[in-house]
Amino acid sequence: MALSLLTLEANGSGEVVGLETRSQCKTRTDCITRGSAIFNDQFQTTPSLNLRCRQLLLWTHCAEKCVYTAVWNIGYRRMARVCVVGAGAAGVCAARHLLAEPSVARVELLEQAAQLGGTWVYTDHVGYDDFGLPIHTSMYKSLRTNLPKEIMGFPDFPIPESEKSYLPAKDMLAFLQLYSDKHGVTPHIKFKHHVQLVKPKQGPKGELWDVTFKDLASGVSETREYDYVFVCNGHYSTPFIPNIPGLKEFQGEVMHSHDYRVPEVFSGKRVLVVGAGPSGMDIALEVARVAQAVLLSHHLSERPRSRFPHNLAQKPDVARLEARSAHFKDGTVEDVDVVFLCTGYLYNFPFCTRAAASWCRRTAWSPSTSTW
């Protein structure tokens, strides 16, 4: 399948992959070299970055190598037709540079939601949308970036200056809208279009792709043929549910952070938060403001150094759940009203055939790892 199907993503902190157009590169190697140059400029000009930030730049550099290679390969098929699945950060970024690529004749972005932005879109709603499809975004109301905006923009399109370094989601969403409008991407987005099937087939001169999608407004489905498909549907929408003995039989409430919006739903309750990744830590502290007690269960090798409130206690992994109590691996037992899973997400390509889904999983790249 060569590189005709490529999965692109923003990283776990919202930073997106940058692209250069093939028209600026004389050779495939030059495309990769130009990506390295952008990375080196960022890395060398920000010596004060802490280790975490510098690691993210390194990860982004690795992703850019894949993207530069893909953009170069598209040049081998003149007047290519390209479908981009998803108008989040990665999808909009990919489309911007595809539109600038001389060998690309048509670019279409298929976006299930009514607006661009992907995971940066906030809604009070959870569960399913008006069309019976799962709500995509996992954004909670108070979320702010956990990296400074100075390293979260595109190489050639930084986030506008402001007094704040750590931005709320609405500011990141406004930035992506500005980026899309500035580079002429927005007119190419088909909003409220749900991708149902991505299927490879053999064409007269090589592999092609049939993409079936549904116009949610009209209810009409159609299939179009493309030379390339960029899968940019993100990986923060399908919850990972750990195998905790007794979880299905637990008599209290069980929820995943995907459905979290505001802390008030936990007022006066004893909440077991499972997972101490960035979101788990952030949410546990927020929930502690209104909950009777919060138990933060994790298996981090080094205990977090955060200053926790008096009603938040750290616990080891959960051994099992019984009725309305949690049994931990250190032998302790605690009564809990809510099991709150902050356990991360799964890659999911529900629209792909088995062959295409296997390819997506092999080529999917993300700098984030599960730390729950």
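Visitor: Before we start, what is a nonpolar core?

Guide: Happy to begin there. Buried Ala, Val, Leu, Ile, Met, Phe, Trp, Tyr and Cys residues form such a set when they are joined through side-chain atoms. The joining atoms must lie within 4.5 Å.

Visitor: Which residues have the most contacts inside the largest nonpolar core?

Guide: Keep in mind that this is a predicted model. Its largest nonpolar core holds 57 residues. In soluble globular proteins, nonpolar side chains tend to be buried together. The residues with the most contacts inside this core are Trp120, Val287 and Phe340.

Visitor: Which helix gives the most to this core?

Guide: The top contributor spans residues 89-99 and supplies 7 residues to the core. That helix is α3.

Visitor: Which residues does valine 287 contact, leaving aside its neighbours within four places in sequence?

Guide: Once those neighbours are set aside, a list of six names would be easy to trace in the structure, starting with Tyr260, Pro263 and Phe266. The rest of the list is Val271, Val294 and Phe340.

Visitor: How many residues are in the second, separate core?

Guide: You can find this other core through Cys83, Val198, Val211 and Ala356, which are among its members. Its size is 15 residues.

Visitor: How many of the residues of α3 are buried?

Guide: Buried here means under 20% relative accessible area. The buried residues of α3 include Ala89, Gly91, Arg96 and His97. Helix α3 is mostly covered, and the count of its 11 residues that are buried is 10.

Visitor: How far apart are the end C-alpha atoms of helix α4?

Guide: Helix α4 covers residues 169-182, which makes 14 residues. At 1.5 Å a residue, the helix should span 20 Å. The model agrees with that expectation, because the end C-alpha atoms are 20 Å apart.

Visitor: Within what arc do the buried residues of α4 fall?

Guide: The buried residues are Ala169, Met172, Leu173, Phe175, Leu176, Tyr179 and Ser180. Seen down the axis of α4, they line one face of the helix, because they fall within an arc of 155°.

Visitor: Which exposed residues sit on the face of α4 turned away from its buried side?

Guide: On the buried side, the cover includes α3 and β4. The face turned away from that side carries the exposed residues Lys170 and Lys182.

Visitor: Which residue follows α4 with a positive phi?

Guide: Look just past the helix for a phi near 70°. The residue there is glycine 184.

Visitor: How many bridges join β5 to β6?

Guide: Strand β5 (residues 193-203) and β6 run antiparallel, and a hairpin joins them through 2 residues. Histidine 193 stands opposite aspartate 215 in β6. The number of bridges joining the two strands is 10.

Visitor: Which residue in the turn between β6 and β7 has a positive phi?

Guide: β6 and β7 run antiparallel and are joined by 7 bridges, with phenylalanine 213 partnered by glutamate 222 in β7. The hairpin has 4 residues between its strands. The residue with a positive phi, about 80°, is glycine 219.

Visitor: What is the bridge partner of leucine 321 in β14?

Guide: Strands β13 and β14 pair in the antiparallel sense over 4 bridges. They form a hairpin with 2 residues between them, where alanine 323 has a positive phi of about 50°. The partner of leucine 321 is alanine 326.

Visitor: What percentage of the protein's residues are buried?

Guide: The protein has 6 helices and 16 strands. Of its 372 residues, the buried ones make up 51%.

Definitions and conventions. Residues are numbered from 1 along each chain as its sequence is written. Side-chain values use heavy atoms; hydrogens and water are left out. Buried means under 20% relative accessible area, exposed over 50%, partly exposed in between (1.4 Å probe, protein chains only). Contact means heavy atoms within 4.5 Å. The expected span of a helix is 1.5 Å times one less than its number of residues. The arc is that of the directions from the helix axis to the C-beta atoms. Two strands pair if DSSP finds at least two bridges between them.
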